[in-house]
Amino acid sequence: MEKRIIVLDTTLRDGEQVPGAKLNLLEKMEIANQLKNLNVDIIEAGFPSSSTGDFESVMKIAKEIGKDGPMITALARAIKSDIDAVYQSVRYADSPLIHMVLGTSAVHLDKKFNKSKEEVLRMGVEAVRYAKTLLPEVQYSTEDAARSEFEYLWQTIEQVVKAGATMINVPDTVGYAVPEEFGELIRKINDRLKNLNHKVLLSVHCHNDTGLATANTLAAVKNGADKIECTINGIGERAGNAALEEVVMGMILRKDYYHATTNIITKQIKKTSQMVSGLMGIDIQVNKAITGDNAFAHSSGIHQDGLLKSADVYEVISPRDIGVEKMELILTARSGKHALNDAVRKLGFEFKSEKDSTEFHQLFLELADKKKEIYDHDLFYLLKEFFGESDSNSPSIELFQLIDFQLVSNNVFPSAVVKVKKGKEILIESATGNGSIDAIYNALEKLTKISVELLEYKTGSVSKGQQALGRSTVQLLYDKKTYSGRALDTDVAKASAIAFLNGINKIVLEHGN
Ligand code: KIV
Ligand code: ZN
């Protein structure tokens with residue numbers, strides 16, 4: 001029997017306090033609504049005593065998302081005015097929760113509060129008693145628990161539970177814990193807590209200062225935690241928090257080990273991750289577990305060969321489970337013949353003999369050595385040349401290929417002219433936009449006559465120096481399906497244009513000209 005783990009998402013509180021990640025009210029509402037679609041159990045919506053704006057956004061989330069939705073909470077220090085601000089903002093939700101935090105480690109007591117253990121404990125107990133006069137559900141966080149002396153930590157937990165706390169959160173505030181030790185801490189607390197009051201939930205909140213937040217959270221689940229606190233993409237203070245997508249998928253992948261499950265609708269993970277990254281303006285590292293661009297992209301020839309035989313040879317999680325259409329095989333000079341032949345077939349070509357296939361592989365390797373990554377249109381035109389225009393094994397379809405473009409970048413009318421080849425035809429189109437990339441995309445959309453919604457656009461450099469290569473990726477929505485395009489070039493505007501056309505070419509390949 002699997003244990004149901006409660007998931008609290010704190011993207012809008014611990015995540016939003018990250019420098020540069022500030023969100024406006026509409027953006028917070030959009031994320032809160034998506035967290036509801038993801039089916040998190042609790043949303044920590046902010047820190048209402050910090051500003052009027054934060055107070056109002058917590059209140060709006062409680063009123064709108066907290067109706068027939070997840071429990072809504074917000075953070076308070078263990079002081080009356082903070083607790084009042086939380087109560088006044090979350091009380092509109094169907095299930096409101098007051099969350100308060102107070103340190104238990106020696107360094108917090110001595111250096112932050114300059115108070116004795118007894119004084120701090122008294123503050124905590126009084127704060128819980130006060131919160132309980134306002135709401136039945138109260139969570140108490142023993143800040144810096146991982147660095148706290150165990151007996152004082154337990155004494156605090158015991159006293160605040162007796163005062164009425166319904167959830168005890170054990171934070172590794174500074175990312176100090178290691179999995180074995182943290183798991184053992186949770187096991188010890190859980191044994192005592194369940195004896196004291198078995199209805200009180202034991203929660204964990206881990207930070208990622210040495211990259212162990214996911215591992216520590218999972219170790220806690222293994223050792224009796226009932227609830228976990230996470231953020232989307234692991235965004236959070238300093239090196240961030242435990243990433244929701246990693247912990248949840250970890251539990252699914254190793255159900256045999258953790259015997260635990262959540263109510264998260266995993267097919268909403270990718271969409272949530274992209275939304276948080278886009279609205280906060282914080283890129284996801286390409287090799288980030290579960291949600292990075294390369295998390296389901298395979299480029300080694302040995303791996304591509306294995307995957308094409310059976311996906312589970314190199315894939316333990318299916319990309320579809322997190323809402324990604326399919327794995328991506330990136331063709332490079334390291335791709336073997338199996339992956340190349342598969343890509344050739346998908347483009348509609350067929351080799352007449354093994355000799356042709358081997359000859360073409362050589363041509364492919366020459367191009368791949370020059371170009372680093374080979375996209376559909378590169379392969380398509382290489383194949384066209386190889387087969388000759390009139391060959392019956394060559395499909396009638398034509399793809400778009402960027403020939404040239406010109407940008408006018410100014411504050412009034414950013415505009416673009418694009419020149420594209422399609423078979424023997426040369427097409428030229430121009431458009432304006434909100435910025436120069438938007439102008440290029442508008443011109444390409446007009447020119448290709450394929451109307452798409454741009455779900456995501458990312459660009460960044462993948463090497464250093466003046467000749468740095470820029471990589472652009474796009475996600476396009478067409479006929480309710482997503483199509484991705486990527487491109488590399490020393491000119492980011494050119495990489496952006498080619499990435500867009502590569503996405504369009506995937507649509508053409510699937511739907512025809
Ligand atoms: O990291 C921390 O200790 C926190 C608490 C408020 C739970 O964010
Ligand atoms: Zn935190």
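In what follows, Ala, Val, Leu, Ile, Met, Phe, Trp, Tyr, Cys and Pro count as nonpolar, Asp, Glu, Lys and Arg as charged, and the others, Gly among them, as polar. That wording will come in handy when we reach the pocket. Please keep in mind throughout that this is a predicted model.

## The chain as a whole

Let us start with the overall picture. The protein chain has 513 residues, of which 54% count as buried. Its secondary structure comprises 18 helices and 18 strands. The C-alpha trace spans about 85 × 55 × 45 Å along its principal axes. Among the contacts in the chain with a separation of 6 or more, 65% are between residues 24 or more positions apart.

How is the protein chain divided into domains? Domain 1 covers 3–280, domain 2 covers 297–387 and domain 3 covers 403–511. Between the C-alpha centres of domain 2 and domain 3 there are 23 Å. These two domains also touch: eleven residues of domain 2 are in contact with 16 residues of domain 3.

## The zinc site

Which residues coordinate the zinc ion (ligand 2)? Asp 14 does so through OD, while His 205 and His 207 each use NE2, at 2.0 to 2.1 Å. Along the chain, the donors follow the spacing D-x190-H-x1-H. Both histidines are set into the protein: His 205 is buried, with a relative accessible area of 5%, and His 207 is buried too, at 4%.

## The second largest pocket

Next comes a pocket you may like to find in the viewer. The second largest pocket has a volume of about 440 Å³. It is lined by 25 residues, and the closest to its centre are Arg 13, Leu 75, Val 101, Lys 112 and Glu 143.

Which elements supply the lining? At least two residues each come from α1 (11–15), β4 (71–77), β5 (96–103), α5 (106–113), β6 (138–143) and β7 (167–172). The largest share belongs to β5, with four residues. Sorted by class, the lining holds nine nonpolar, eight polar and eight charged residues.

## Individual residues, buried to exposed

The table gathers six residues with their places and relative accessible areas.

| Residue | Place | Relative accessible area |
|---|---|---|
| Ser 57 | helix α3 (residues 52–64) | 1% |
| Ile 290 | loop between α12 (269–280) and β11 (297–298) | 11% |
| Gln 475 | strand β17 (residues 470–478) | 17% |
| Gln 362 | helix α15 (residues 354–371) | 44% |
| Arg 238 | loop between β9 (227–230) and α10 (244–253) | 47% |
| Lys 480 | loop between β17 and β18 (481–489) | 80% |

Is Ser 57 buried or exposed? Ser 57 counts as buried, because its relative accessibility of 1% falls under the 20% limit. Leaving aside neighbours within four places in sequence, Ser 57 is in contact with Leu 25 and Lys 28.

Gln 475 is buried as well, at 17%. Not counting residues up to four places away in sequence, Gln 475 touches Gln 274, Glu 453, Leu 454, Leu 455, Glu 456, Thr 482, Tyr 483 and Ser 484.

Lys 480 offers a contrast: with 80% relative accessibility, Lys 480 is exposed, because exposed means over 50%. How far apart are Lys 480 and Lys 132 in space? Their C-alpha atoms are 48 Å apart, and 348 residues separate the two in sequence.

Gln 362, by comparison, is partly exposed, with a relative accessible area of 44%. The C-alpha atoms of Gln 362 and Lys 337 are separated by 9.9 Å, and the two residues are 25 apart along the chain.

## Two backbone angles to look at

Most residues other than glycine have a negative phi. Arg 238 has a positive phi of about 50 degrees although it is not a glycine. This arginine sits in a loop and is partly exposed, at 47%.

Ile 290 likewise has a positive phi, of about 70 degrees, without being a glycine. Its loop runs between α12 and β11, and Ile 290 counts as buried at 11% relative accessibility.

Terms used
Residues numbered from 1 in each chain as written. Chains lettered and ligands numbered in written order. Predicted model: local features only at pLDDT ≥ 70, side-chain atom pairs only at ≥ 80, totals over all residues. Heavy atoms only, no water. Donors = N, O, S within 2.8 Å, 3.2 Å for Na, K, Ca; no water. Buried < 20%, exposed > 50% of the residue type's maximum accessible area, 1.4 Å probe, protein only. Contact = heavy atoms within 4.5 Å. 1 Å grid on protein atoms, 1.4 Å probe; cavity = no way out; pocket = protein on both sides within 12 Å on 5 of 7 lines; lining within 4 Å. Points joined across faces, edges and corners; volume = space filled by probe spheres on them. Domains from an automatic or database assignment.
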